[in-house]
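Reader: I'm new to this one, and I'd like a close look at a single part. Could you walk me through the place where two of the domains meet?

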Amino acid sequence: MRGRFQWVSWKVLHSIKSPELSRSCSGYVSRVRYLMRLKEDDEACREALKSGSFLLYYNLAPLLKSNSNVYKPAFLKASDLENMLKKIGRDKHIVSESVLLGCDESGEAQFSLEVGDLDRSALERQCGGVFVDLTKAFFMLSGPEAPIVTKGQALIRWHQTNGFCSATGQPTVRNQSGSHRICHSSGITYYPKMSPVAIVLVSDGSRCLLGRQATFPPGLYSALAGFCDMGESVDEALRREVAEEAGLEVETLQYSGSQHWPFPQSSFMVACHATVNPNNTQVSIDKAELEDAHWFTFKEITEALQIKKPPRISKGEPPAFWVPPSFAIANQLIQEWANQQQLTRK
Ligand SMILES: NC(=O)C1=CN([C@@H]2O[C@H](COP(=O)(O)OP(=O)(O)OC[C@H]3O[C@@H](n4cnc5c(N)ncnc54)[C@H](OP(=O)(O)O)[C@@H]3O)[C@@H](O)[C@H]2O)C=CC1
Ligand SMILES: [Mg+2]
């Protein structure tokens with residue numbers, strides 16, 4: 001117990017399905033070590049650019065390719081990218097502006113590259129793909145591919161907005177992999193940053209609490225979330241956000257998982273389940289933060305989980321209630337809560 005705040009257990013509720021963890025350790029370890037080297041060794045990274053694969057972004061919109069209506073990020077091989085640039089009359093040297101993203105299954109380096117100053121339709125024609133705004137791309141991609149696409153966008157955006165040192169105002173210079181930028185005047189090294197956000201699904205035992213901001217699409221409700229203040233732990237932030245936004249006091253917390261979230265800038269979402277005392281469930285909304293928040297029944301949640309895309313709005317009808325789709329960690333929290341309810345109701 002910390003004060004009146006009981007920490008139930010710090011365990012992962014869901015099994016970790018990371019493909020890395022299910023493969024042999026040596027394969028994973030060697031890929032991680034290779035990436036470490038590429039991050040810091042400019043020469044090794046320049047070499048990797050010659051054989052790697054590239055995900056293009058047009059003004060931050062990733063290039064996707066469809067095969068029988070299944071969309072995938074359209075990674076181009078280095079030689080195909082070079083040929084394509086030649087065909088549209090552009091110098092291959094822009095390839096060196098790529099940012100290191102990761103390493104594919106075969107150990108080949110992957111990069112993201114912003115091509116917003118090239119001809120969009122010529123690129124789409126040559127690549128046989130289409131640049132899609134990330135908010136839409138999320139609904140087109142299957143779960144496992146979304147993180148690499150958002151990571152690529154986040155890294156490009158970070159470089160675009162960190163071109164100057166905040167201490168001296170002098171330009172910062174990136175290393176070849178794009179893992180950091182340095183101001184040679186002050187000696188400060190800048191690394192890509194995420195803002196920590198705590199997200200929580202509050203339950204009173206038989207219902208769960210969801211809220212919506214006025215800017216959400218019609219009918220969408222999500223778990224409560226908020227940026228961590230400087231100096232706060234995740235559990236302090238969760239407890240404060242639930243009190244601020246819904247006027248409720250959290251009693252227990254249980255860790256669920258985490259994810260990188262690209263909107264509005266890069267956030268690091270830490271997701272937990274929480275309970276409140278079932279005798280003290282009166283919600284009092286902070287209207288400056290939320291347009292609405294209320295308790296939802298198991299039946300309502302089960303129905304909302306069936307909706308996989310933003311529902312159509314019919315004139316004169318109230319908007320259908322839906323929850324964030326599967327790529328959002330809020331969805332994982334809601335799904336876990338529904339699974340838990342299912343078990344307790346058997
Ligand atoms: N992946 C998922 O499943 C979900 C993700 N989210 C994400 O969680 C994030 C936080 O949720 P939200 O309820 O909006 O947060 P908050 O409840 O903390 O409210 C947002 C406000 O906090 C202020 N703020 C404080 N610190 C920061 C910071 N580092 N960056 C930006 N704003 C800050 C801003 O106020 P001001 O503008 O007045 O300065 C902002 O408007 C959002 O980015 C949202 O997209 C939310 C739900 C689900
Ligand atoms: Mg909030």
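Author: Sure, let's take domain 1 and domain 3: 10 residues of domain 1 are in contact with 12 residues of domain 3. Keep in mind that this is a predicted model. To find your way around, the domain assignment puts domain 1 at 40–158 and domain 3 at 195–345, and it also lists domain 2 at 162–192. If you go by C-alpha centres, domain 1 and domain 3 sit 33 Å apart.

Now for the interface itself. Together, domain 1 and domain 3 bury about 860 Å², and carbon and sulfur atoms account for 74% of that area. On the domain 1 side, look for Phe138, Phe139 and Arg157: these three supply 65% of the area that domain 1 buries against domain 3, more than any other three residues.

What about polar links? The salt bridge count between domain 1 and domain 3 is 0. There are, however, 2 residue pairs in polar contact across this interface, both at pLDDT 80 or more.

You can also read the domain 1 side by its elements. Helix H6 (134–140) and helix H7 (146–160) are the ones that each give two or more residues to the side touching domain 3. H7 has the largest share there, with 6 residues. Sorted by class, that side of domain 1 holds 5 nonpolar, 3 polar and 2 charged residues.

So much for the tour; as you turn the model, start from Phe138, Phe139 and Arg157, the trio that supplies 65% of what domain 1 buries against domain 3.

Terms used
Residues numbered from 1 in each chain as written. Chains lettered and ligands numbered in written order. Predicted model: local features only at pLDDT ≥ 70, side-chain atom pairs only at ≥ 80, totals over all residues. Heavy atoms only, no water. Domains from an automatic or database assignment. Contact = heavy atoms within 4.5 Å. Buried area = accessible area lost by both parts, 1.4 Å probe. Salt bridge = Lys/Arg side-chain N within 4 Å of Asp/Glu carboxyl O. Polar contact = N/O pair within 3.5 Å; in protein donor to acceptor, adjacent residues only side chain to side chain. Helix = DSSP H or I, 4+ residues; strand = E, 2+ residues; numbered from the N terminus. Nonpolar A, V, L, I, M, F, W, Y, C, P; charged D, E, K, R; others polar.
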